[in-house]
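The exercises below each set a task about side chains or backbone angles, and each is followed by a solution in steps. Please work through them with the sequence and the model at hand.

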Amino acid sequence: MYTRFADLLHAARQRLFVGRQEELDLFDQALTAVERPYSVLFVHGPGGVGKTSLLHMFAERAKHCGWRPGYIDTRTLEPSPDAMLRALGAMMGAPAGADVIDLLNGSPERHVLLFDTTETIRPLDWWLRERFLPALSDRVIVVFAGRFKPSVAWRIDPGWQALVRAVPLRNLSTSESLAYLQKRQVPDARHRAILSFTHGYPLALSLMSDMVEQRPDAAGADASPDIVQALLTHFLDEAPGPEHRRALYVCAAVRQTTEQTLRTLLDPDDAHGVFEWLRTLSFIDAGPAGLFPHDMARQVLVADLQWREPDWHAELHRRARTYYIGHLQDASGPEMRERLIDFLYLHRENPLLKPIFTQLQSDWNEQTAQNPIVDDALGPDDIDPLVDMVAHHEGDGPASWARRWLERQPEHVRVYRDGTGRPLGMLLPILLTPEDADLEDPAVAHAMDFLRRHAPLREGECAVHFRFWMSGETYQDLSLIQSMCFIQMVRMYLTIPGLAFSFLPCADPDLWKMIFAYVDLHRFPDADYPTDRSKMGVYGHDWRVTPPAEWLSRLASRVPSPEYAGAPAPAEPSVFVLSREDFLVAVREALKAFSRPERLRENPLLRSRLVIEAGAPDADAADRIQTLCGLLDAAAATLDGAPRDRKLYRALEKTYLKPAPSQEIAAEQLGVPYSTFRRHLMAGVDRVAEMLWQREIGE
């Protein structure tokens, strides 16, 4: 007795196959149903995702149900009807010259035809649809497996719509991936690292398992260069030229790629053509906001770019963050949220943040597939369940304050709910000013006392306290809802008029210590406050010292350095926080020095929020002087545009902007008494100073 290789192959395939239960159940329906739900099945997905393994399992299911399976790998064929028919005849053992279709239709057996790698026979699409398949009897089921989904012609034809099913083949789930690793006898200690690298991509799981089997004593489970290269081959072998290869790198580096993104970051000769080519790739998916690659493809492409062209990798990130920061400054509403997520996504390779992005991506995929979370405003029926949520996690005392703030400041509350409308979590921020702060709330009392002693609010300024932020299930632990809370917080940093300070309380402040340091949120124990069950540790940020534009720039500058894993060194305060009186004095002094800019070098306005946000975040002193002069000139020009205020502008112009030899001469040139000229000048200075002050405090 002997064992055939075919039997060994069959046993190995059966033993190592995991998952794909939905696809197997769908195939079983066609085999066993009285009224067949479809006659043609398309299975599509990127190379290495497991299409061939699934076809072999289909063949086993077919034999078990009394059907005769036939498998053909079409990459070995010339893409012509004759070659296809000859391959079918050879598979059936038909004599040369026999009519294969007649043999299939006249056979007493029922047949399942399994065609693999069908991207190689795309020129036969019309023939298959209009000639070959319509000639088959209903005793034949046909399965096509390839990188591409069915062409539009299949999907718009009413007849084929009823006879065809298309199934995109995705990565294995975490549980299925673990089952595979266990079958391959990979040690448990290696599982986490392998799952992190592979994202459930079957080819990568197989290669990593091979590596562990061949090098069981190797430390860790990082992908070797050989494995990365093997994977990369699957993703780059279709790139026709350098521009297309770089377009793949762009698509891997950013969260989602549009034609505009491609044009801005890459500037190819034919942005439209390159974008359309990206859309044809089997491992590139299209979403409502653009194109994005398969997770494994993204990871391998980024790793290759970092190794092959590190300078271009850094330049690509620089262009991307400049692009998104520019959009953030102009965006509002849902667009701002999308651009903010795009910007934050650039930080995913930092060792501190990578585990968070990996977990959130997993949560996001699972959640969106099962029950999407909706970011919504507060509704009248939300208050009681949200108060109960606070009571569950923090106690009855905080819950009473949650009810009070939900009723008093409902406009900024965000409720995260499931598809049925049930609240799953919330963010409850409160705006604080010296005039209306409720000091009975211990959180507010400690925050206002901190501000009074360390960072007094100026006229027109406010602080935001993120009093309650939580998921009903996981509280403040890492979750999709927690990330949605953080995104909304950043939106508020960018949009609240006159925002001077923000407070973020944490039940476990040590958990967030390194991450918050990375994003320049600082620990302020003086603002801590008690709850029924614990003490809340408070982080915060003074937005007058580091305004939002400069803050975003600082974060962006850390993106290209995945080695950066520690907290940033405390930065020297880059913004002067001036009182209203000091600010107005500085404006008067700046006007006096307008015609001699070198005298502006010591003016505190150069380090004001006004000037920093109006210019480039990394501008030098000369650039900031130019920005300040532009602001002064523009503010004065608004007076020239109003007939009643034109006299004020003329006084400013003759004194500071285009000065006459003396104020007396200026009054004479304008034809007004000197006392009137002085009155106009002082009024003009006050008006310009007030306009700039309102911009300084964000109004």
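A residue is called buried when its relative accessible area is under 20%, and exposed when that value is over 50%. The model used throughout is a predicted one.

**Exercise 1. Decide whether C462 and C251 are buried or exposed, and state how many disulfides the structure holds.**

Step 1. C462 has a relative accessibility of 7%, which places this cysteine among the buried residues. C251, with a relative accessible area of 0%, is buried as well.

Step 2. A disulfide is a covalent bond between the sulfur atoms of two cysteines. The criterion applied here asks for a pair of cysteine sulfur atoms within 2.5 Å, and by this rule the count of disulfides is zero.

**Exercise 2. Describe the geometry of the aromatic pair formed by F486 and W512, and say which parts of the chain this pair ties together.**

Step 1. The structure holds 24 aromatic pairs, and one of them joins F486 and W512, with 5.4 Å from centre to centre and 70° between the planes. Because planes over 60 degrees apart count as edge-to-face, the pair of F486 and W512 is edge-to-face.

Step 2. F486 belongs to helix α23 (residues 480–495), while W512 lies in the loop between β12 (499–506) and α24 (513–518), so the contact ties together parts that are 26 residues apart in sequence.

Step 3. Both F486 and W512 are buried.

**Exercise 3. Find which residues form one aromatic cluster with W154, and which rings have the arginines R122 and R246 over them.**

Step 1. The cluster that contains W154 is made up of F42, F115, F144, W154 and W160.

Step 2. R122 places its charged end over the ring of F148, 4.2 Å from the centre of that ring. R246 lies over the face of W312, and here the distance to the ring centre is 4.3 Å.

**Exercise 4. Compare T117 and Q185 in backbone angle, location and exposure.**

Step 1. Most residues other than glycine have a negative phi. T117, although not a glycine, has a positive phi of about 55°, and Q185, also a residue other than glycine, has a positive phi near 60°.

Step 2. T117 is placed in the loop between β3 (110–116) and α6 (125–132), whereas Q185 is found in the loop between α9 (174–183) and α10 (188–198).

Step 3. T117 is buried, with a relative accessible area of 12%, whereas Q185 counts as exposed at 70% relative accessibility.

Conventions:
Residues are numbered from 1 along each chain as its sequence is written. This is a predicted model: local features need pLDDT of at least 70, side-chain atom pairs count only at pLDDT 80 or more; totals for chains, interfaces and linings use all residues. Side-chain values use heavy atoms; hydrogens and water are left out. Rings of Phe, Tyr and Trp (its six-membered ring) pair if their centres lie within 6.5 Å; planes under 30 degrees apart count as stacked, over 60 as edge-to-face and the rest as tilted. Helices (H or I, at least four residues) and strands (E, at least two) are DSSP runs, numbered from the N terminus. Buried means under 20% relative accessible area, exposed over 50%, partly exposed in between (1.4 Å probe, protein chains only). A charge sits over a ring if NZ of Lys or CZ of Arg is within 6 Å of the ring centre and within 35 degrees of the ring normal.
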